[in-house]
Amino acid sequence: MYAYDKQEKHRMMLNTKQYIAAHQNRFLGELMDFLRIPSVSTSREYAEDVQNAAEFVKQKLLEAGTDQARLIETKGCPLVYGEKMVDKSLPTVLVYGHYDVQPADPYELWETRPFDPVVKEDKIYARGASDDKGQVYMHIKALETLIATKQLPCNVKFLIEGEEESGSDSLTYFLKDQQNHALLQADAVLVSDTALSSLEQPSLTTGLRGIVYLEVEVTGPNRDLHSGTYGGAVGNPINILCQMLSSLKDAHNRITIPGFYDRVEVLSEIDRTALNHTPFVLSKYKEALGIAAVIGEQGYSTIERIGIRPSLDINGIWGGYTGEGGKTVLPSKAHAKLSMRLVPHQEAQEIIAQFTNYFTALVPKGAKVQVKVVHAGSNAVVVNRNSVALQAAKKAFEDVWKKSPVLTRDGGSIPIVAQFKEVLDCDIVLMGFGLDSDAIHSPNEHFGLANFFKGIDTVITFYKHLAALYT
Ligand SMILES: [Zn+2]
C-alpha cells in the first residue's frame, strides 16, 4: 500500500520537482507547438486543425506513458481518451479539459499573432494559452512527471474534448449513452478550466453557473423597404427588437421574465458574508475594465452578481445596413443572440420555455418573432465542499502555494461538468490555474509561466494527497 510519511513525502517532492526543472524548456516548447494549432471549433474552416490538435493530445498522452490513448470519433470533433491504470484498488481520477479554442478575431487588436505563441514577461501569449490548452498540457506533464519518476499514486484517465467552445454537443451525446459510463468511471473528475483569485491567493471554484444560449429573429415586411417611402408607416423590425430586448430588464436590473427567479436560492446573511469575504477590490476591478461604475442587479455586490445571481446579456445584434456610409433601409428582419447564466436549482429547459413564452408575447401585431436554441442549455453546478477530493485539493494548494485556498463561485459555465456529476455520480474538483486578467476569449490571451509550472506541481501533489486520503 501507499505509504506517505514525512520523509517519503520530502524525497518524492524533490524528485518530481527535479524532473520538472530538468525538463521545463521541453515542456514549454511542446506547449507552444500545441498553441500553434488553430483549433477553432466554432468554424468549419478549421476542421483539419481541430483534428490535428486531437492527434497532438493523443500523441502526447502516449509519450507521457499512458497505457492507451485514442481518438473517439463523433459527429463533430473527436474526443481524446487516455488512461494509466496503476492498480484497481487505488482511486481513479478523470481529467477533463478541451483542446479547442475560441476564434481569435478581432486580429488587429492582438499585439502578437494569436497562433504564433510568444513568451513575454514570464507569460505565454497565444489563443488558448489559458483557456484551455495551457491547463490541459499542465495535466499531461504532471502525469508524465509522475510516471517517469515512478510515483504515480492513483489511476488517471483523460477525456479531452474539442467542442467546449461550441457547446460540447458530441460529448453530451457520448455521456448520454450508458455504454460509455464504465470507461469514464472515476472517484473524482478533475477540471482545470477556471481561474485562481490571484497568484498570491489560490482558490478552488465550488460553483459554476449554468447557461442558456438563444437566437431571436423579428420579421416585419416581406422585403427590405425604403425608409423614405415607408418610414413611420411600417413597423421596423430593428426598432421592435430593441424595444423587446430592453423590456427584458426593469429599472433595478432585474430580469422581467415571469417565473425566472422562482427557483433561485436565497442565501442566508452568513453565507452572503462568507461569499463576499474574498480578496476583491471594486476600485481595481473598475480600473482594470476602464469603467467608472458597475451596473447590475440592485441589492447585490459584484461578487454576488457573478456568483449567486442569474444574468441575461445580449451577445450580438444585427440587421439592416451596417456597411460604410449610409443606406436608408427599413429592414425586413432583425436578429440578436443572447445568453442567460443560471444559478443552482434553475432548470435550463424551463428557462428556455419561460423566455420563449414571454418574448413571443412581447412582439407587436404586424411583426413576427422566432426563438431558436443555439446549443443545449446546462444547469449550474455546486461542488460538495466536504468531499475527499476537495480535501486533497485544499492540501495540495497548502503544500505548493503555502496558503489555504479560498472557496469561490465562478460566474462562468462549463456545461459538461453538470453532466459528469449526474452521470458518473462522483466528486468534482474545479482546480483552475488561470487568472481573470488572462484575457481568455479576448485579444492577447496569455498564461503565466508560474501558473503553468506551479499548476503541474499542484496537480502532482493533489494525486498524492488523494491516494493517501483513500488509503
Ligand atoms: Zn475553457
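The overall dimensions of the protein and the surroundings of strand 6 are described below. The structure is a predicted model, in which local features require pLDDT of at least 70 and side-chain atom pairs count only at pLDDT 80 or more, while totals for chains, interfaces and linings use all residues. Residues are numbered from 1 along each chain as its sequence is written.

The protein contains 14 helices and 20 strands (DSSP runs numbered from the N terminus; helices are H or I with at least four residues, strands E with at least two). The C-alpha trace spans about 85 × 50 × 50 Å along its principal axes. The radius of gyration is 24 Å, which agrees with the value near 23 Å for a compact globule of 471 residues (taken over C-alpha atoms; the globule rule is 2.2 Å times the number of residues to the power 0.38). Of the 471 residues, 42% count as buried (20 or more other C-beta atoms within 10 Å of the residue's own, with C-beta atoms placed from the backbone).

Strand 6 (residues 155-161) is largely enclosed by the rest of the structure, because 7 of its 7 residues are buried. N155, K157, L159 and E161 point one way from the strand, and V156, F158 and I160 point the other way.

Strand 6 pairs with strand 2 (residues 79-84) in the antiparallel sense over 5 bridges and with strand 3 (residues 92-98) in the parallel sense over 7 bridges (pairing requires that DSSP finds at least two bridges between two strands). I160 in strand 6 stands opposite V80 and is also the bridge partner of G97.

Conventions:
Buried ≥ 20, exposed ≤ 12 C-beta atoms within 10 Å, placed from the backbone.
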